Amino acid sequence: MNNPTLRRVLVVTTVVGATLGGGIAVAAWTSSGSGTAGAKAGTASAPSTATVDASALTTGLLYPGVSGTALIRITNPNPYPVKVSSVTGNGTPTATGGCPGGAVSWVAQQPNTALAAGASTTLTLTGAVSMLSTADDSCQGAVFTIPVTVTVVSQ
């Protein structure tokens with residue numbers, strides 16, 4: 001191939017042929033459209049609580065003018081994990097032994113405790129209950145049941 005014109009023609013023909021052939025090999029018809037998809041969110045279930053027998057507590061006991069420990073069992077009935085963001089009082093406590101329930105008050109708590117989907121846990125809340133400094137002798141050894149509201153948030 002000593003002829004430069006023939007060489008150019010062959011090179012140009014090869015390049016054009018490869019380009020057209022490659023373009024044809026990857027060509028495909030495409031189309032797109034728009035529309036809508038549907039989804040529905042579930043509804044959160046309220047956490048449930050249970051009183052834990054506090055008669056076994058040996059630390060964090062209540063005395064007149066002193067805060068003590070509270071125990072609470074919390075269950076997450078939801079299919080997703082939550083965090084216990086707050087535990088607040090929502091009524092008048094009751095007590096055993098003739099002690100007036102109003103002798104104690106709940107101190108709002110923010111435990112920020114993680115709770116897996118469907119799981120339960122017992123929280124020990126230090127300083128969650130406060131006894132009035134005027135509590136009388138009937139409160140000695142009393143066990144208190146304190147109504148609370150537990151708030152959880154999804155994680």
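Start by selecting Gly 68 and Val 129: the two stand opposite each other, with Val 129 sitting in β7. Keep in mind as you click around that this is a predicted model.

Now widen the selection to the strands around that pair. Pick residues 67-75 for β2 and residues 120-131 for β7. These two strands pair in the antiparallel sense, and eight bridges hold the pairing. For another rung on this ladder, select Ile 74, whose bridge partner in β7 is Thr 121.

Stay on β7 and add residues 104-106, which make up strand β5. Three bridges join β5 to β7, and again the two run antiparallel. To see one of these contacts by residue, select Ser 105 and look across to Ser 130 in β7.

**The four-stranded sheet**

Time to colour the whole sheet. Which strands belong to it, and in what order? Four strands form an open sheet, and reading across you get β1-β2-β7-β5, with antiparallel pairing. Select 48-51 to find β1, which stands at one edge, while β5 stands at the other. Each of these edge strands has a single partner, so one side of each is left without a neighbour in the sheet. If you look along the sheet, the twist averages 40 degrees from one strand to the next.

A word on what the dashes in your viewer would show: strands of a sheet pair through backbone hydrogen bonds, in either a parallel or an antiparallel way.

**The three-stranded sheet**

Hide that sheet for a moment and select 113-115 and 148-154, which are β6 and β9. Together with β3 they make an open sheet of three strands, in the order β6-β3-β9, also with antiparallel pairing. β6 and β9 stand at the edges with a single partner strand each, so one side of each has no neighbour in the sheet. Neighbouring strands of this sheet are turned by 40 degrees against each other on average, direction ignored.

Zoom in on the β3 and β6 side, where three bridges make the antiparallel pairing. Select Lys 83 and you'll find Ala 114 of β6 opposite.

While you're on β3 (residues 82-89), click on Ser 86, which lies in this strand. Is Ser 86 buried or exposed? Ser 86 has a relative accessible area of 16%, so with the cut-off for buried at under 20% it counts as buried. Show its surroundings: leaving out residues up to four places away in sequence, Ser 86 touches Gln 109, Gln 110, Pro 111, Thr 149, Val 150 and Thr 151.

**The disulfide**

Next, select the cysteines at 99 and 139. A disulfide joins Cys 99 to Cys 139, with 1.9 Å from S to S, and the structure holds one disulfide. Follow the chain on either side and you'll see that the pair links distant parts of the chain, 40 residues apart. Cys 99 is in the loop between β4 (94-95) and β5, and Cys 139 is in the loop between β7 and β8 (144-145). Measure the torsion if you like: with 75 degrees about the S-S bond, the link of Cys 99 and Cys 139 is right-handed.

Switch on a surface and look for the two ends of the link. Cys 99 is buried, at a relative accessible area of 5%, and Cys 139 counts as buried too, at 7%.

**Out to a loop**

For a contrast, go to Ala 44, in the loop between α1 (4-26) and β1. Ala 44 is exposed, with a relative accessible area of 53%. Which residues does Ala 44 touch, not counting residues up to four places away in sequence? They are Asn 78 and Tyr 80. Draw a distance from the C-alpha atom of Ala 44 to that of Tyr 80 and you should get 9.3 Å, for residues 36 apart along the chain.

**Zooming out**

Finally, clear the selections and show the whole chain as a cartoon. Its secondary structure comes to one helix and nine strands, and from the N terminus on the elements run α-β-β-β-β-β-β-β-β-β. Of the 155 residues in the chain, 21% are buried. Put the surface back on and the chain exposes about 10200 Å², with carbon and sulfur atoms supplying 57% of it. If you plot a contact map, take the contacts between residues at least 6 apart in sequence: 78% of them join residues at least 24 apart.

Conventions
Residues are numbered from 1 along each chain as its sequence is written. This is a predicted model: local features need pLDDT of at least 70, side-chain atom pairs count only at pLDDT 80 or more; totals for chains, interfaces and linings use all residues. Side-chain values use heavy atoms; hydrogens and water are left out. Two strands pair if DSSP finds at least two bridges between them. Buried means under 20% relative accessible area, exposed over 50%, partly exposed in between (1.4 Å probe, protein chains only). Contact means heavy atoms within 4.5 Å. Axes are lines fitted to C-alpha atoms, for helices over the stretch in contact, and angles run from 0 to 180 degrees between N-to-C directions. A disulfide is a pair of cysteine sulfur atoms within 2.5 Å. Accessible areas come from the Shrake-Rupley method with a 1.4 Å probe; for residues, only the protein chains shown count as cover.
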